Amino acid sequence: MGVSLESAKTKVMSSEQEILALLPGSSVVSTFADNTSRLMSCTDGNRRKWTGDAEAKLGNAVDREGFLDEVVQHMQAKDGWTVKDGTAPDGARRLDLLHSDGTHLFVFFLDSPESLRVEGYSACFDLPEYEYGEEY
């Protein structure tokens, strides 16, 4: 099964939104998600990855550890996903989610303002006509 730019982008964005939707609605002040980005190169020739991120700014405190545990359980129950617990450069807990198709997400909290961030990139797809700097 081939991956297209559109399907790769949709998979990243829908996975990010699925994770943000696990937050208690009363805690979310606003959300933002990139819907265009530059592409990253894959290690194999003219293939590319779509990158994107989503963020929810939080007004009420969220049990960070409890929420990340919920994300682990939710994503491990889905076919194709593996979850690794890790640490961000600032020492905070960060989840590393990898799908068998190559989609890769990172989930972590930020301070000031308190927010949940989901960053990711897609599986590789063919796009030989890509010119550096173009956004999709």
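**Arg 64 and Glu 114.** I looked up this pair in the predicted model and found a salt bridge between Arg 64 and Glu 114, with the closest N and O atoms 3.4 Å apart. The pair links distant parts of the chain, since Arg 64 belongs to helix H2 (residues 64–76) while Glu 114 lies in the loop between strand E6 (104–110) and strand E7 (115–121), 50 residues apart. I noted Arg 64 as partly exposed, because its relative accessibility is 25%.

**Other salt bridges.** How many salt bridges does a search of the whole structure find? I counted twelve, and I followed two further ones by residue. Glu 119 forms a salt bridge with Arg 117, where the closest N and O atoms are 2.8 Å apart; Glu 119 is partly exposed at a relative accessible area of 28%, whereas Arg 117, at 18%, counts as buried. I then saw that salt bridges with shared partners join Asp 53, Glu 55, Lys 57, Arg 117 and Glu 119 into one network. Within E3, I also checked the side chains of Lys 57 and Glu 55, which meet in a salt bridge of 2.9 Å, N to O. Lys 57 is partly exposed, with a relative accessible area of 34%, but Glu 55 is buried because its 13% falls under the 20% cut-off.

**Strand E3.** I turned next to strand E3 (residues 47–58), which is mostly covered, ten of its twelve residues being buried. Which strands does it pair with, I asked, and I went through them one by one. E1 and E3 run antiparallel and are joined by five bridges, and I recorded Leu 58 in E3 as the bridge partner of Val 28. E2 is also antiparallel to E3, through three bridges, with Leu 39 partnered by Trp 50 of E3. These two strands, E2 and E3, form a hairpin with five residues between them, and Gly 45 in the turn has a positive phi of about 70°. E3 and E7 pair in the antiparallel sense over seven bridges, and there I found Gly 52 opposite Gly 120 of E7. Strand E8 (residues 125–126) runs antiparallel to E3 with two bridges, where Arg 47 has Asp 126 as its bridge partner.

**Ser 37.** Is Ser 37 buried or exposed? I entered it as buried, because its relative accessibility is 9%. Ser 37 is found in the loop between strand E1 (28–33) and strand E2 (39–41). Its side chain makes a polar contact of 3.3 Å with the side chain of Trp 50, and the side chain of Ser 37 also reaches the backbone oxygen of Thr 51 at 2.6 Å. Leaving aside neighbours within four places in sequence, I listed the contacts of Ser 37 as Trp 50, Thr 51, Glu 134, Glu 135 and Tyr 136.

**Helix H1.** Last, I examined helix H1 (residues 5–20), whose 16 residues reach 23 Å from the first C-alpha to the last, close to the 22 Å expected at 1.5 Å a residue. The buried residues of H1 are Leu 5, Ala 8, Lys 9, Val 12, Ser 15, Glu 16, Ile 19 and Leu 20. Looking down the axis of H1, I saw these buried residues fall within an arc of 140°, so they line one face of the helix. An α-helix has 3.6 residues a turn, so residues three or four places apart point the same way. On the other side of H1, I noted Glu 6 and Thr 10 as exposed.

Definitions and conventions: Residues numbered from 1 in each chain as written. Predicted model: local features only at pLDDT ≥ 70, side-chain atom pairs only at ≥ 80, totals over all residues. Heavy atoms only, no water. Helix = DSSP H or I, 4+ residues; strand = E, 2+ residues; numbered from the N terminus. Buried < 20%, exposed > 50% of the residue type's maximum accessible area, 1.4 Å probe, protein only. Polar contact = N/O pair within 3.5 Å; in protein donor to acceptor, adjacent residues only side chain to side chain. Contact = heavy atoms within 4.5 Å. Salt bridge = Lys/Arg side-chain N within 4 Å of Asp/Glu carboxyl O. Expected span 1.5 Å × (residues − 1). Arc of directions from axis to C-beta. Pairing = 2+ DSSP bridges.
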